[in-house]
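Please work through this chain with me, one question at a time. Keep the answers short.

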Amino acid sequence: MTGFSARLTDKEVEAMSKLDWFLHAYPSRVYRPLTTHTPMFLGGGFNAINRGVFVSCSAGNSGPDHSTLSNDAPWLLTVGASTMDRSLLATVKLGDGQEFDGETLYQPHDFGSKMLPLMYPNANEQSSLCVSGSLDRFDVRGKIVLCDRGQNSRIEKGQVVQFGGGAGMIVANAPADGYATVADPHVLPASNVPYAYGLKIKSYINSTASPTATIIFKGTAMNTPHSPAMASFSSRGPSQITPVILKPDITGPGVSVLAAWNDQTFNMISGTSMSCPHLSGIAALIKKAHPDWSPAAIKSAIMTTAYVTDNSRGPILDERHLPADFFAMGAGHVNPPNAIDPGLVYDLTPQDYIPYLCGLYDSTYVQVIVRKHVDCSSVKSISEGELNYPSISVTLPANSSTSVSYTRTVTNVGEPKSTYTVKLDVPKEVSAGVTPTTLSFNEVNQKQSFSISFRRNGGGSGAVQGQLLWVSGKLEVRSPISIKLE
């Protein structure tokens, strides 16, 4: 056993050294964990935007549970992951004629259409997941094996089946993954099918003494319906640190992304670490078109021009095929052409974040983040909701008719002479108003402020959502509104 000890005395180290498994310890060294909420990490991103550098970060791959995201500081663009309108189809055909579409990157041309024995090794949880060594008691030779998704990687499941002599594999989604499938570079013929399809395949296996199946590989299919859709793994908000700032900010392509790889020609990877670079590249294009824009202005342009409908003209769906909420997709899916010309932006300077930070932390902590002297006792702190952010989050207490108001300031980056009219959409449990209802500009970079207020209409609890739009001709500057009803 080896590792680093923390705050051990010399006597404690000496006592440990007499144990058989002990190798060495370093009692004089203290190692502090670095997380996305520690000041050193937060300070790195802040130092970047302080120098005019846009920072895009992955929301994380711990979805679909709520409050699982990372990188949630308001000066960072927090990016979720969603699908593209492309599928790499692998259809499972059962012996009774049922067919179920799934996905895989590996598309063999010589698998044929012969029906093969089909089995589900569900003697215990480990074998049903096709964990290494769990199939040793089963005869999988020449068979297609159904494996449940979870615990080990999908590719590793295929390796386990292949090692046992299996001819193919079906990976059935877990309940949390729903309809969200992934095209992986499997080592054998395989198909990842949705949870609902997995249940039907298991029902077929249990209905006959000799179940059979084959996999029909159909290659790339474009214009996949209901695209984009949220990935099940994409981490969700609200933020545990600053729940009144809506996170993630945006979603982008992050499922089955084909790209160059370090130890092979190409690979296909899924994750928010795939969607995040997409947004970094889009931000670079916006910066090229508008070199004088701040990181906050670029973020605002990305968020306020995002779209929330899929290619079937319905709302963007989550892994359950239900409308995705703002805690999954943030402002929506990035729309690069529109982000170049957003009309208005919600801008922030690095100095604007200090009153917000002083509302959360003491001076010492804030100084580590911003890397300069700050005396929070002399700073008028603000709440998260008061930050000039492109999205709006508000908490309305139970049994209270008191209104909650915020002020926002927009900067004109579109036509010099332009007028925007407000459109407000909130759920029936809430009444809201905006003052003024029109904003008129005479020049570029002119600023105008407005206030928005919210009040409960009665009962209800939980999270509800709406939107605020400033409309001028074809331009729509949209802010998502997240409302927590206590």
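The exchange below covers a domain, a helix and the cysteines.

Tutor: This is a predicted model: local features need pLDDT of at least 70, side-chain atom pairs count only at pLDDT 80 or more, and totals for chains, interfaces and linings use all residues. Residues are numbered from 1 along each chain as its sequence is written, and side-chain values use heavy atoms, with hydrogens and water left out.

Student: Which residues does UniProt give for the domain Peptidase S8/S53?

Tutor: The feature comes from an unreviewed UniProt entry. Such annotations may be inferred rather than shown by experiment; positions follow the numbering used here, and feature names are shortened. The record places the domain at residues 48-310.

Student: How far apart are the end C-alpha atoms over residues 48-310?

Tutor: Helices (H or I, at least four residues) and strands (E, at least two) are DSSP runs, numbered from the N terminus. Over residues 48-310 the chain is 22% helix and 24% strand. The end C-alpha atoms are apart by 34 Å.

Student: Is helix α7 buried or exposed?

Tutor: Buried means under 20% relative accessible area, exposed over 50%, partly exposed in between (1.4 Å probe, protein chains only). In α7, residues 295-304, 10 of the 10 residues meet the buried class, so the rest of the structure largely encloses the helix. Among them are Pro295, Lys299 and Met303. The helix is buried.

Student: Which cysteine forms a disulfide with cysteine 130?

Tutor: A disulfide is a pair of cysteine sulfur atoms within 2.5 Å. Cysteine 130 has its sulfur 2.1 Å from that of its partner. The partner is cysteine 147.

Student: Why is the disulfide of cysteine 130 and cysteine 147 called left-handed?

Tutor: The sign of the torsion about the S-S bond is the point to check. The disulfide is left-handed because that torsion is about -85°.

Student: How many residues apart in sequence are the parts that cysteine 130 and cysteine 147 tie together?

Tutor: Cysteine 130 sits in the loop between α3 (125-128) and β6 (144-148). Cysteine 147 belongs to strand β6, so the parts tied together are apart in sequence by 17 residues.

Student: What is the S-S torsion in the link of cysteine 358 and cysteine 376?

Tutor: These two cysteines form a disulfide, with sulfur atoms 2.1 Å apart. Both cysteine 358 and cysteine 376 are buried. The link is left-handed, at -75°.

Student: Why does cysteine 57 form no bond with cysteine 276?

Tutor: Cysteine 57 is buried, at 12% relative accessible area. Cysteine 276 holds the closest cysteine sulfur. The two are too far apart for a bond, because the separation is 6.0 Å.
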